[in-house]
Amino acid sequence: MRKRINKTITIIVSITIIVFSIISVAAITKVYFDKSKANIEDIARIAVTSMQSPEEISENLESALKEDIRVTFVDSDGKVLFDNKERPENMGNHLERKEIKSALSNGEGSEIRVSETLGKSNYYFALRYNGGVIRFSAPISNIYSALIIIIPLFVLICAVMLVITTIVSRRMSKSFMKPITDIVNTIDVKNGIAAESDIEIDYEELKPIVENIKFISARLQKYIRRLK
């Protein structure tokens, strides 16, 4: 019974820890990802209001802000006129890109997809700008790289909590079983429990059991004396 209690407590706590860790990692990832997206969008809006050229915006991002953000300027026909990571003549028409179409129609647009030129998953945010569209993007891999630090930390925390849980569950099961063990150890197989025996029970639920055992023991002893 004690082993079963230990096993049950350990399984329940382990499942709880695993579920909590998964939810925590997912929540942290979402918060970090949303914050990174908001950072790109804020930079884009500030850059557009500065009335600088795409070249100047790119230089300021790299020199002043130290941000590794790709800047692309596309005209209203989808032709790439400037890109700080790739030669414009090597890039295809961008008119059908979701974020470009949305920016031309609604003033701004965004999308997450794999870059055809860089081969990485990027977050794209585009704004209508100077008769065309200026687009800002950053690799999602930079965002998820933070998980490389977070996940091992959660694994370590889970391992420590499992060890602590195992120790606590053993002590709890020992505490639960102590009154029953005391009753068993007090029982005299030959003579039973005397009605006047004093057994300390901390749990109210077990007191009726002890009283019944005492009552039955007293009656058995009475019958035994009659037989003798």
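Which residues form a negative surface patch? I looked this up in the predicted model and found that the patch is formed by Glu 55, Glu 56, Glu 59 and Glu 62. I then placed Glu 62 in helix α2, which covers residues 54-63. I recorded Glu 62 as partly exposed, at 43% relative accessibility.

**Entry: overall layout**

I counted the secondary structure next and obtained 6 helices and 5 strands. Read from the N terminus, the order of elements is α-α-β-β-α-β-β-β-α-α-α. I noted that the protein has 228 residues, of which 35% count as buried. For contacts between residues at least 6 apart in sequence, I found that 49% join residues at least 24 apart. The protein exposes about 15000 Å², and I attribute 60% of this area to carbon and sulfur atoms.

**Entry: other surface patches**

I searched for a positive patch and found one formed by Arg 219, Lys 222, Arg 225 and Arg 226. Arg 219 belongs to helix α6, residues 207-227, and its relative accessible area of 41% makes Arg 219 partly exposed.

I also listed a nonpolar patch of about 670 Å². Its members are Leu 153, Leu 156, Ile 157, Val 160, Met 161, Ile 164, Val 168 and Met 172. I checked Val 160 individually: it lies in helix α5, which spans residues 147-186. Val 160 is partly exposed, because its relative accessible area of 42% falls between the cut-offs of 20% and 50%.

**Entry: salt bridges**

How many salt bridges does a search of the whole structure find? I obtained 9.

I began with Arg 87 and Glu 89, whose side chains meet at 2.5 Å, N to O. Both ends of this bridge were checked for accessibility. Arg 87 is exposed at 53% relative accessible area, and Glu 89 is exposed at 52%.

I then turned to Glu 99, which forms a salt bridge with Arg 113, with the closest N and O atoms 2.7 Å apart. This pair links distant parts of the chain, since Glu 99 lies in helix α3 (residues 98-106) and Arg 113 in strand β3 (residues 108-114), 14 residues apart. Is Glu 99 buried or exposed? I recorded Glu 99 as buried, with a relative accessible area of 0%. Arg 113 also counts as buried, because its relative accessibility is 18% and the limit for burial is under 20%.

Arg 135 forms a further salt bridge with Glu 99, the closest N and O atoms being 2.8 Å apart. Here the partners are 36 residues apart, with Arg 135 in strand β5 and Glu 99 in helix α3. I noted that Arg 135 and Glu 99 are both buried. Tracing the connections, I found a network of salt bridges that links Glu 99, Glu 111, Arg 113 and Arg 135.

**Entry: strand β5 and the loop before it**

I examined Ser 137 in strand β5, residues 132-139. Ser 137 is buried, at 2% relative accessible area. Beyond its neighbours within four places in sequence, I listed contacts of Ser 137 with Ile 69, Arg 70, Asn 122, Tyr 123 and Tyr 124.

What is the phi of Asn 130 near? I found phi near 50°, a positive value in a residue other than glycine. Most residues other than glycine have a negative phi. I located Asn 130 in the loop between β4 (121-129) and β5, and recorded Asn 130 as exposed, with a relative accessible area of 65%.

Technical notes. Residues are numbered from 1 along each chain as its sequence is written. This is a predicted model: local features need pLDDT of at least 70, side-chain atom pairs count only at pLDDT 80 or more; totals for chains, interfaces and linings use all residues. Side-chain values use heavy atoms; hydrogens and water are left out. Patches are made of residues with over 30% relative accessible area and no salt bridge: like charges are joined within 9 Å, nonpolar side chains (Val, Leu, Ile, Met, Phe, Trp, Tyr) within 5 Å. Accessible areas come from the Shrake-Rupley method with a 1.4 Å probe; for residues, only the protein chains shown count as cover. A salt bridge is a side-chain nitrogen of Lys or Arg within 4 Å of a carboxyl oxygen of Asp or Glu. Lys and Arg count as positive and Asp and Glu as negative; His and the chain ends are not counted. The place of a charge is taken as NZ of Lys, CZ of Arg, CG of Asp or CD of Glu. Helices (H or I, at least four residues) and strands (E, at least two) are DSSP runs, numbered from the N terminus. Buried means under 20% relative accessible area, exposed over 50%, partly exposed in between (1.4 Å probe, protein chains only). Contact means heavy atoms within 4.5 Å.
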